[in-house]
Amino acid sequence: WQKIPWWGQLALLLVKEVKQPGSSVADWIRSFPKEFSEIPMNWSSEELALLEYPPLLRQIDKQQAEISAAFLEASKGCKISFTQAEFTWAVQLVRSRAFTGPYEGRGPQDRAAQLAFISVLLVLSV
């Protein structure tokens, strides 16, 4: 579990929910796209060749390799059965809706200022 990147961990949790009968988030999951045809890693080799941009093609190859490696790691000893296509779908869903970076929230002073601002907006809107 700890060897899987954060996006792979979230994807694995999503796959688990998809496969779980009676999942409490089933309706939410049904609202997600079933495919991501707009993501270049899902394009055919002919479509990718039309890009004529080797740096992007290298990034696509790198991302596909990362997902394949994460799938292999995630499927080791996992109690649920899932395909690489299911895992890739979940990864694409996670990566299209989650952001990574050093941001971990603001400090207490910033939060207090933001709360005061929201309070003012609420008072003015009444």
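**Figure 1. Helix 1, from end to end, in a predicted model.** Helix 1 runs through 14 residues, and its first and last C-alpha atoms sit 20 Å apart. That is close to the 20 Å expected at 1.5 Å a residue. Everything shown here and in the views below comes from a predicted model, not an experiment. Look along the helix for its buried residues: Trp7, Gly8, Gln9, Ala11, Leu12, Leu14 and Val15. What do they pack against? The buried residues of helix 1 meet helix 2, helix 4 and helix 5.

**Figure 2. The whole chain, for orientation.** Zooming out for a moment, the protein chain has six helices and zero strands. Following the sequence, that reads as α-α-α-α-α-α. Of the 126 residues in the chain, 23% are buried. The accessible surface of the protein chain adds up to about 9,400 Å², and carbon and sulfur atoms account for 60% of that. If you like contact maps, take the contacts between residues at least 6 apart in sequence: 62% of them join residues at least 24 apart.

**Figure 3. Helix 5 and what it packs against.** Helix 5 has 14 residues, which should span 20 Å at 1.5 Å a residue; the end C-alpha atoms are 20 Å apart, so the model agrees with that expectation. A continuous stretch of names makes up its buried set: Phe87, Thr88, Trp89, Ala90, Val91, Gln92, Leu93 and Val94. These buried residues pack against helix 1, helix 2 (26-30) and helix 4.

**Figure 4. The largest nonpolar core.** This view gathers the 24 residues of the largest nonpolar core. Which members touch the most others? Leu14, Phe82, Phe87 and Trp89 do. The elements giving two or more residues to the core are helix 1 (6-19), helix 4 (54-75) and helix 5 (84-97). Helix 5 provides the largest share, six residues. Pick out Trp89 and follow its contacts: once residues up to four places away in sequence are set aside, Trp89 touches Leu14, Val18, Ile29, Phe32, Pro33, Lys34 and Phe36.

**Figure 5. Three phenylalanines in one aromatic cluster.** A search of the whole structure turns up four aromatic pairs. One of them joins Phe71 and Phe82, with ring centres 5.6 Å apart and planes at 85°, an edge-to-face arrangement. This pair links distant parts of the chain, 11 residues apart: Phe71 belongs to helix 4, while Phe82 lies in the loop between helix 4 and helix 5. Are Phe71 and Phe82 buried or exposed? Both are buried. Now swing over to Phe82 and Phe87: their ring centres are 6.0 Å apart and the planes meet at 35°, so this pair is tilted. Phe82 and Phe87 are both buried as well. Put the rings together and Phe71, Phe82 and Phe87 form one aromatic cluster.

**Figure 6. Glu86 and its polar contacts.** Glu86 is in helix 5. Its relative accessibility is 29%, and because buried means under 20% and exposed means over 50%, Glu86 counts as partly exposed. Which side chain does Glu86 reach at 3.1 Å? That polar contact joins the side chains of Glu86 and Lys19. The side chain of Glu86 also comes to 2.7 Å from the backbone nitrogen of Thr83. Not counting residues up to four places away in sequence, Glu86 touches Val15, Lys19 and Ser81. For a backbone ruler, try Phe71: its C-alpha atom is 9.8 Å from that of Glu86, with their positions 15 residues apart along the chain.

**Figure 7. Thr88, a buried threonine.** Thr88 is also placed in helix 5. Its relative accessible area is 15%, and the cut-off for buried is under 20%, so Thr88 is buried. What does Thr88 contact once neighbours within four places in sequence are left aside? The partners are Met41 and Ile67.

**Figure 8. Glu52 and a positive phi.** Glu52 has a positive phi of about 50°, although this residue is not a glycine. Where does Glu52 sit? The loop between helix 3 (45-51) and helix 4 holds Glu52. With a relative accessible area of 68%, Glu52 is over the 50% cut-off and so is exposed.

Technical notes
Residues are numbered from 1 along each chain as its sequence is written. This is a predicted model: local features need pLDDT of at least 70, side-chain atom pairs count only at pLDDT 80 or more; totals for chains, interfaces and linings use all residues. Side-chain values use heavy atoms; hydrogens and water are left out. A nonpolar core is a set of buried Ala, Val, Leu, Ile, Met, Phe, Trp, Tyr and Cys residues joined through side-chain atoms within 4.5 Å. Buried means under 20% relative accessible area, exposed over 50%, partly exposed in between (1.4 Å probe, protein chains only). Helices (H or I, at least four residues) and strands (E, at least two) are DSSP runs, numbered from the N terminus. Contact means heavy atoms within 4.5 Å. Accessible areas come from the Shrake-Rupley method with a 1.4 Å probe; for residues, only the protein chains shown count as cover. A polar contact is a pair of N or O atoms within 3.5 Å; within protein, one must be able to donate a hydrogen and the other to accept it, and residues adjacent in sequence count only if both atoms are side-chain atoms. The expected span of a helix is 1.5 Å times one less than its number of residues. Rings of Phe, Tyr and Trp (its six-membered ring) pair if their centres lie within 6.5 Å; planes under 30 degrees apart count as stacked, over 60 as edge-to-face and the rest as tilted.
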